[in-house]
Amino acid sequence: MTDHTLLETEAIQCKVNGPFVAPALRKVCLPYVPATSAQVENVLKVLQARSGSLVDIGSGDGRIVIAAAKKGFQAVGFELNPWLVWYSRYRAWREGVHHSTSFQISDLWKVSFAQYSNVVIFGVPQMMDQLEEKLQTELQSTAKVVACRFPFPTWAPDGTAGEGIDTVWVYDAKSFKTERGLQ
Ligand SMILES: C[S@@+](CC[C@H](N)C(=O)[O-])C[C@H]1O[C@@H](n2cnc3c(N)ncnc32)[C@H](O)[C@@H]1O
């Protein structure tokens, strides 16, 4: 089974197991699958002309946040799993970027991403339509959004990088907000 189908299968299993998991996990079931090095490179490539704040939604072991901080972003990760958050903080300290990173133990559906200029998500197809609506409402029109492995269902991307499971899509908030008459 490929990584791609593995991630989708896990997401479906999570849906089926929905009633047996904690309430915070019922809304979306997003398994921990770390980004490949090529994926991380592709995220940095599509954001190379950008600066300022960056958020990784569901930050796992912190690899995207740490790589972004090394490129000069003030980078934040939101992650539900406390063990991964503590590990990410340790990694950031070990790699010398603890001053330009922060990691929060939070449910992505319960926080607002309004303040971020660059938003990264490595999600699963089952959540992308709901996340599209959330980001469309919350983000400023100057923001950029990067989706890893699975694109957003209705937004038209500004560009892409990589191929296969390492593909990333970049979206301009000005376009998706204008399309919906939100600015
Ligand atoms: C596919 S992994 C991506 C990890 C990381 N962004 C990367 O690219 O290496 C998704 C992450 O989202 C986390 N997650 C799942 N549900 C979440 C939720 N409701 N709020 C915040 N994080 C969540 C998982 O624990 C997992 O670490």
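Here are some worked exercises on this predicted model.

**Exercise 1. Get the overall layout: how many helices and strands does the protein have, and in what order do the elements run?**

Step 1. Start with the tally: there are 7 helices and 7 strands.

Step 2. Now walk the chain from the N terminus, and you'll read α-α-α-β-α-β-α-β-β-α-β-β-β-α.

Step 3. Check how the chain folds back on itself. Take contacts between residues at least 6 apart in sequence, and 65% of them join residues at least 24 apart.

Step 4. Finish with burial: of the 183 residues in the protein, 39% are buried.

**Exercise 2. Work out why H4 is described as largely enclosed by the rest of the structure, and which elements its buried residues pack against.**

Step 1. Go along the helix and pick out the buried residues, which are Arg 63, Ile 64, Val 65, Ile 66, Ala 67, Ala 68 and Ala 69.

Step 2. That makes 7 of the 8 residues of H4 buried, so the helix is largely enclosed by the rest of the structure.

Step 3. Next, look at what surrounds those residues. They pack against two helices, H3 (37-46) and H5 (82-94), and against strands E1 (53-57), E2, E3 (101-105) and E4 (118-121).

Step 4. Look just past the end of the helix too: Gly 72 has a positive phi there, at about 105 degrees.

**Exercise 3. Find the largest nonpolar core: which residues have the most contacts inside it, and which element gives the most to it?**

Step 1. Some background helps: in soluble globular proteins, nonpolar side chains tend to be buried together.

Step 2. Here the largest nonpolar core has 47 residues, and Val 119, Val 120 and Val 146 have the most contacts inside it. The top contributor is H4, with 6 residues.

Step 3. Zoom in on Val 119. Skipping neighbours within four places in sequence, Val 119 is in contact with Val 55, Ile 57, Phe 113, Leu 135, Leu 139, Ala 143 and Val 145.

**Exercise 4. Describe the shell around the ligand: which residues come nearest, and how do the shell residues divide by type?**

Step 1. The shell has 21 residues, and those that come nearest are Leu 30, Ala 35, Gly 58, Gly 60 and Leu 108.

Step 2. Map the shell onto the secondary structure: helix H4 (63-70) and strand E2 (74-79) are the elements that give two or more residues to it.

Step 3. Sort by chemistry, and you get 13 nonpolar, 4 polar and 4 charged residues.

**Exercise 5. Decide whether E2 and E3 pair in the parallel or antiparallel sense, then see what Ser 59 is up to.**

Step 1. E2 and E3 are joined by 5 bridges, in the parallel sense. To get from E2 to E3 the chain goes through H5, giving a right-handed β-α-β crossover.

Step 2. For one specific bridge, take Glu 79, whose partner in E3 is Ile 105.

Step 3. Now bring in Ser 59, which sits in the loop between E1 and H4. C-alpha to C-alpha, Ser 59 and Glu 79 are 5.3 Å apart, though 20 residues separate them in sequence.

Step 4. Count its surroundings: Ser 59 is buried, because 27 other C-beta atoms lie within 10 Å and the cut-off is 20 or more. Beyond four places in sequence, Ser 59 touches Ile 64, Val 65, Gly 77, Phe 78, Glu 79, Ser 88 and Phe 103.

**Exercise 6. Compare two loop residues: is Gly 96 buried or exposed, and is Arg 149 buried or exposed?**

Step 1. Place them: Gly 96 lies in the loop between H5 and E3, while Arg 149 is in the loop between strand E5 (144-148) and strand E6 (159-161).

Step 2. Gly 96 has 11 C-beta neighbours inside 10 Å, so it counts as exposed. Arg 149 has 23 other C-beta atoms within 10 Å, so it is buried.

Step 3. Check the backbone of Arg 149 as well: its phi is near 70 degrees, a positive value in a residue other than glycine.

**Exercise 7. Trace how E7 pairs with E5 and with E6.**

Step 1. E5 and E7 run antiparallel over 5 bridges, with Val 145 partnered by Tyr 171 in E7.

Step 2. E6 and E7 are also antiparallel, joined by 3 bridges. Ala 161 stands opposite Val 168 here.

Step 3. E6 and E7 form a hairpin with 6 residues between them, and Gly 162 in the turn has a positive phi of about 80 degrees.

Step 4. Close with burial: 4 of the 5 residues of E7 are buried, so this strand is largely enclosed by the rest of the structure.

How values were computed:
Residues numbered from 1 in each chain as written. Near = placed C-beta within 6 Å. Nonpolar A, V, L, I, M, F, W, Y, C, P; charged D, E, K, R; others polar. Buried ≥ 20, exposed ≤ 12 C-beta atoms within 10 Å, placed from the backbone. Contact = placed C-beta atoms within 7 Å. Core = buried A, V, L, I, M, F, W, Y, C linked by C-beta atoms within 7 Å. Pairing = 2+ DSSP bridges. Right-handed = clockwise from strand over helix to strand, strands pointing away.
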